[in-house]
Amino acid sequence: MNLFSTSAMRLLDRRRFLSHTMTGLGSIALVHLLSCDGKLAPHGEESERIDDRLDDAVTHHPPAAKRVVMVYCTGAISHLDTFDYKPLLFERDGQPLPGAENLKTFQGAQGNLTRPLRDFRPRGESGKMTSELLPELGSLADEFCFLHGMTSRTNTHGPGETFMSTGFTLDGFPSLGSWVNYALGSENDDLPAFVAIPDPRGNPQAAGNNWGAAFLPARFQGVPFNAQRPVRFLQPEGGISASEDRATREFLQRLNRRHLERFPGDENLAARLASYELAARMQQTIPQLMDMSDEPEHILRMYGADQVDNPVKAQYARNCILARRLCERGVRFVQLFNGAYAMGEGVGNWDGHKELAQQYPGHAEILDQPTAALFRDLKQRGLLADTLFVFCTEFGRMPTFQAGASGRDHNPDGFTCMLAGAGVKSPLSWGATDEFGWKAMENITTVYDFHATILHLLGLDHERLTFYHNGSHRRLTDVHGHVIRPILV
Amino acid sequence: MSQWHQPKFDTVQINIFFTLCWRSLRPSATSWEGAADIRFQAGCLVVVLVTGLFFAPLISAQSIDFVRDVQPIFAEHCLHCHGPDVQESGYRLDVREIALRGGDLYPQLVNRERPAASPLLAILSGKDEDVTMPPDDEPLSRAELRTIRRWIEEGAHWPDAASVQLEPEQPLWSLTPPRRFDLSADATSRGDGLNPVDLWIAAKHCEVGLDFSPTADDRTLVRRLYLVVTGLPPSWEQVRQFMADRRSDKYERLVDELLASPRFGERWAQLWLDAVRFAESDGFETNHERPNAWHYRDWVIRAFNDDLPYDQFVRRQIAGDQFGDPAATGFIVAGTHDIVKGEDEDLNPTQRLNELADMVNTTGTAFLGLTVGCARCHNHKFDPISQTDYYAMQAVFAGVQHGEREVAPADLSQRLIQIDSLQAELGDVETALLQYVRPPVTHTSNVDNWNPTAARFLRFTIQRSSSAEPCIDEMEIFSSGDDSRNVALASAGTQVTSSGNYAGSPDIHRLEFIHDGVYGNSHSWIASTASDSWVQFEFPELVVIDSMVWSRDRSGQPNSYSDRLAIEYTVELSLDGLDWRRVASSQDRLGSHDLTVLIPEASDGERRTIAEHIAQLSERRLNLNRDLASLRTHPTIYAGRFEDPPPTFRLHRGEHRLPRETVRPQSLSAFANITGRFELADDATNAERRVALARWLTQTDNPLPARVIVNRLWQGVFGTGLVATPSDFGNLGARPSHPELLDVLACDFVEQGWSMKRLLRLLLTSKTFRQSSQPRTEGLNLDANSRLLWRYPPQRMSAEMIRDSLLSTSGSLDLTAGGPGFLLFEPNNNYARNWVPKTVFEPTDYRRMIYALKIRMEPDAVFSTFDVPDGGQVCPQRPMSITPIQALNLFNSQFVIDEAHRLAGELTDESSSVEGQIEKAFMRVLLRPPDDVERQWAAALATEHSLAAAVRALINSNEFLWIE
């Protein structure tokens, strides 16, 4: 019985010589760690044990971008009230959505079409229509490539967030940032290569799924911290003096070196030695990173970090500054969250089911100025030349209000994300939803396409960036995804 | 076969044809599926032959020639995507078998029996709802479509010579029966200390020019053995005892002792829990904890400790409810469960399919080492697992839902005996009490008597009901004297009022029904509240009354109602409706009895004796009832709920909106001629399905389960399995480093009764295990990973070993086993749980880490970063990362620093000199004294700063964290 295709068999033959040992993979991490330190040349056999992974920082093709800043609006920010302009929605305000007579979405029955919260007006030279809800981001319209034809595969937040961050709606798959880390490593060995910056109000719904490494070695996971909650255990707890700490580490490393003499050339043991040295350097570099006293007044003002009367905004602004500082220091992937779930539906995030008019202006105030400032700041410092700026959310919202409520239900069939910076055409609007903004109709962009394009801009082929796990050479894009070539420079 | 499809026949040819056909088919009938195919084709031949006989002249004039007419159409439109170079969806139109059968997405593209129903035609003509071919190019012309349709109608004749012949496929190595080898020869009798494991390892050494390393020193070996077997290091005292032991079999004795320790199961269960994605929360954004999921964790630990034979271990996890071990089915539902439901029509079916996929995937990988889950959307790309196989296994679990169920306790039979004896005693106690008290209220009839009393009013107050609002169907109040009559009747002019009436079912429950003279639930009164309700009768004139009879349901029907019983009540009389006098109550009835009412003045001796007797009996009765209630309460555990299975369909591309044919619960087709097969009827029960799978999985002729578990145990001992992909024995998985050894161990394992401890003993007592882990240049040059075991491969401890060893070394470890887990996070009740790691720990948090409540997808603050799996997907083998975050956690966290202080404090008490303290610290943590240099460094640190600083370094050292 031949149940599998010959193409598959051929692929298999190519892979058969590859080993699957996890210890081999573990060794990659430390080889990287040590080769960065110049302490150890990669072992001759490593390249064969590296499975499908790229050699350190060697890309499949020349990259346009060296790093990524991803702004993630959790709770599903409404494309209709922000960037996807639908004149008909203004005209038909209060009328039924054609073709949706018996439609039931996530929370149930639909009411009538409802016009966007604020008026839209043309921006920049392109004249792109965006909402007055987000004037600062709107003023950057010429800088963005808007992807208006995004679709998701789920209409629930947890799986949706997880899908946008991992390419799967299920738990247990590596995040985009950890894939990038796995492929490219860090430009700065004193800081983690992948940093997730949770919102000041708390974690997003899918929490660690957004930055977890799942079955990739733990080395590749994102380290979550923000301007309010620094890296855990960066300094010893319990009042240990700096001199005692130093002396203790010195003694530890002497013990470890002596132990290593009994296992000459053992890479794992050597990597642990190196890991304590790197940790010690992080004790220096991270406080410097977090200390914003060197930021001039006008920069704080530009981000809104001076607005003490709106503490959440000021804190989010500090997180935006932190994101820029991480980029400056060569961190490969920065994932910046706007919105948290802990306070409940729509209160601390963009999940506007019931009271859109009450909730959205507050959220917009927090998001708009600091995020736009982050973008401008990256640009004015020349970082945008090799940084990819990503603006995303898990799915969109309905053009109707929910029956008996003053807000919009989930809509996985059409929403907007943005790309900007290195390698991306702008101004550009790619893809479109229907005339009411309900379903993507033109140049539909799946999350897989979105991920494939991000990887492509980093010089990576999404079909070749794989990791063997339990019977599959897993990819970020599963078996899907096409690079959206028309939006590339 | 197709060379026989000639358009012209005579009867002689037909006879010859059938004879040849039958002969040629029989040997190739290697699988049941193949046989079905042959039957079908033979039937088809008859049609062709008959058609050929009668209509041959007509058809032959216009008949389609494949090479001339059809092949060029394929070549022009199809072969660039489905040909020799590219095979989209695993489909190709240059190989006859594949072209007719279909690729990954369709089981039979050409239907010779019903040509018009061939999916190939629908796809080419744009009538298939999912796929239109060619995709972007011009569609086939009408003439081309007609040609293909006629070709199929004529039997889809395709000459051998016009088909590319594929080389016969190699059978999957892991499906071949394991080769046997006699292991019974006592290894030690060979005199060279080699046990059978060593023979095969040595054989491989010979091939590549390696040799064993010398035996490890006692201290290293004992520490290694403790860690590998129990997950905990030995104490210095245990090491010293071993070194002082002069018996020649001291090592084997220690192996046996440790395998018998309850700590063994706590270490080895983790390996299994990883492989079956066990966690104690739902996952996804809500991620609610599962407070009763620990039963399965404890079951796995117990199974290892009791050395439950592996075949039973497997069977019970699939169908433990049918094998008297219900907690084991926690396996099936140990994965994620999305509890966020919505109104959207796609949401719930998709969630359900994901749950089932998780069950199928875990079952396939855990027991068979086959990634059956990969065949959900299409045939497996690499292994002989069809999409139908996937749905056949899904059908086995179709009736299993996530959730808790009440299960019979393990000690049910003992409980039943106990219940019988307590019940008998209770009978005696109640009989004794009934000397003094009235029987309890019944639903059929209750009588209350009092001395004849004149009254205008009677009030019946109900303090407590047996359940819900109390119900009374009729209340009769009798006048005293010879002409006693029921004065309560409405017909007698009596008025009735109440504290409130139940609003529901007014046709059958009304206040006036309480005195209408009609019995039964359908003419009854229900109060509006469950307690403190009353009903009051006002007689038309003053009457002298002395008794009443009342009931819940006096209909006399066999299933009369016995709920809503007024079990505590008071009867009061009044002349004016203002002053009331109590004349009867439940306080002298069994169960509600009140000693102070029964015997208000226990002054004299006799009364006191009676009162004491009643008190004694009452207390005994109370205790008996309490004990009985607890014995009758069965635990509720997260081990799945079982329902009637709905039909299972093969889903095109795995999408719930594209159901195809129904699929029955069946064994995997690739095993058909190895194990035989099971196929159950569509209406097979949930239990039948799982029992069939459980039995099939553990047939002794199934080559995979034994190989897979033997390999997992090997992995637990040596760090890497003989097969480095422990849950994937398919084509994409690794090949065994020592295939003969794997087979030898697997055969022996089954023959010797599937004992995991026995196998482990064999591995642990091998020379291979006892070698030193020191590197040797020639070994490193030839085999840097030590896969050929020229030394014991040194490994970093797992996260659990690190935490447990740390606590064990500092003396903080709480060895309480089993039961609900401790929480590493702050408890919280958010709908979407917000799991924040704890910073302050309770004494109960110092148990072994396997007893921590495992929250899915949430790393704990300190130890998870040492590659603890997240529980999202299965984790057959943990990666081994080394990161600076690990260093920060272990060097700086309060949890670890506290342990350093605790140990330092203890050592300071024990010894006054710094040197002495340092000496003890090394022995405690590293199980050896320091050498002079180390002593000098450590003393300097302790003198200048603190002993705790030295301890903090020692518990961070590679030597402490490594299994050497």
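## Close-up views of helix packing and two buried residues

**Helices H16(B) and H18(B) run roughly antiparallel to each other.** Like every view here, this one shows a predicted model. H16(B) spans residues 412-433 of chain B and H18(B) spans residues 605-632 of that chain. Their packing angle is about 155°, and since angles over 145 degrees count as roughly antiparallel, the pair earns that description. The two axes lie 9 Å apart, and the crossing is left-handed. On the H16(B) side, look for Arg415(B), Gln418(B), Ile419(B), Leu422(B), Gln423(B), Glu425(B), Leu426(B), Val429(B), Glu430(B), Ala432(B) and Leu433(B). Facing them from H18(B) are residues including Ile614(B), Leu617(B), Arg621(B), Leu624(B), Leu628(B) and Leu631(B). Sorted by class, the contact holds 11 nonpolar, five polar and seven charged residues.

**Helix H8 of chain A packs against helix H30 of chain B.** Here we move to a contact between the two chains, made by residues 242-262 of chain A and residues 932-944 of chain B. With an angle of about 170°, H8(A) and H30(B) are roughly antiparallel. Their axes are 10 Å apart. H8(A) brings Ala247(A), Thr248(A), Phe251(A), Arg254(A), Leu255(A) and Arg258(A) to the contact, while H30(B) offers Val933(B), Glu934(B), Trp937(B), Ala938(B) and Leu941(B). This set is made up of seven nonpolar, one polar and three charged residues.

**Helices H11(B) and H21(B) cross obliquely.** H11(B) covers residues 262-275 and H21(B) covers residues 703-718, both in chain B. They meet at about 125°, with 11 Å between their axes, and this angle makes H11(B) oblique to H21(B). The crossing is right-handed. Two tryptophans, Trp268(B) and Trp272(B), are among the H11(B) residues at the contact, together with Arg267(B), Leu271(B) and Ala275(B). Their partners in H21(B) are Ile709(B), Arg712(B), Leu713(B), Gln715(B), Gly716(B) and Val717(B). By class, there are seven nonpolar, two polar and two charged residues.

**Ser592(B) is a buried loop residue.** You will find Ser592(B) between strand E10 (580-585) and helix H17 (595-598) of chain B. Its relative accessibility is 18%, so Ser592(B) counts as buried. Beyond its neighbours within four places in sequence, Ser592(B) is in contact with Ile567(B), Glu568(B), Ser586(B) and Gln587(B). For Ile567(B), the backbone oxygen lies 3.4 Å from a polar atom of the Ser592(B) side chain. Do look for Pro440(B) too: from C-alpha to C-alpha, Pro440(B) and Ser592(B) are 7.7 Å apart, although 152 residues separate them in sequence.

**Thr105(A), in strand E2 of chain A, touches residues of both chains.** Strand E2 consists of residues 104-105, and Thr105(A) counts as buried because its relative accessibility is 6%. Its side chain makes a polar contact of 2.5 Å with the side chain of Gln110(A). Leaving out residues up to four places away in sequence, Thr105(A) touches Gln110(A), Met398(A), Asp409(A) and His410(A) in chain A, as well as Glu343(B) and Asp344(B) in chain B. For the surroundings of this view, chain A has 13 helices and 20 strands, and 64% of its 489 residues are buried. Of the chain A contacts between residues at least 6 apart in sequence, 78% join residues at least 24 apart.

Definitions and conventions. Residues are numbered from 1 along each chain as its sequence is written. Chains are lettered from A and ligands numbered from 1 in the order in which they are written. This is a predicted model: local features need pLDDT of at least 70, side-chain atom pairs count only at pLDDT 80 or more; totals for chains, interfaces and linings use all residues. Side-chain values use heavy atoms; hydrogens and water are left out. Axes are lines fitted to C-alpha atoms, for helices over the stretch in contact, and angles run from 0 to 180 degrees between N-to-C directions. Helices (H or I, at least four residues) and strands (E, at least two) are DSSP runs, numbered from the N terminus. Angles under 35 degrees count as roughly parallel, over 145 as roughly antiparallel, 65 to 115 as roughly perpendicular and the rest as oblique. Contact means heavy atoms within 4.5 Å. Ala, Val, Leu, Ile, Met, Phe, Trp, Tyr, Cys and Pro count as nonpolar, Asp, Glu, Lys and Arg as charged, and the others, Gly among them, as polar. Buried means under 20% relative accessible area, exposed over 50%, partly exposed in between (1.4 Å probe, protein chains only). A polar contact is a pair of N or O atoms within 3.5 Å; within protein, one must be able to donate a hydrogen and the other to accept it, and residues adjacent in sequence count only if both atoms are side-chain atoms. A crossing is left-handed if the near helix is turned anticlockwise from the far one by less than a right angle, and right-handed if clockwise.
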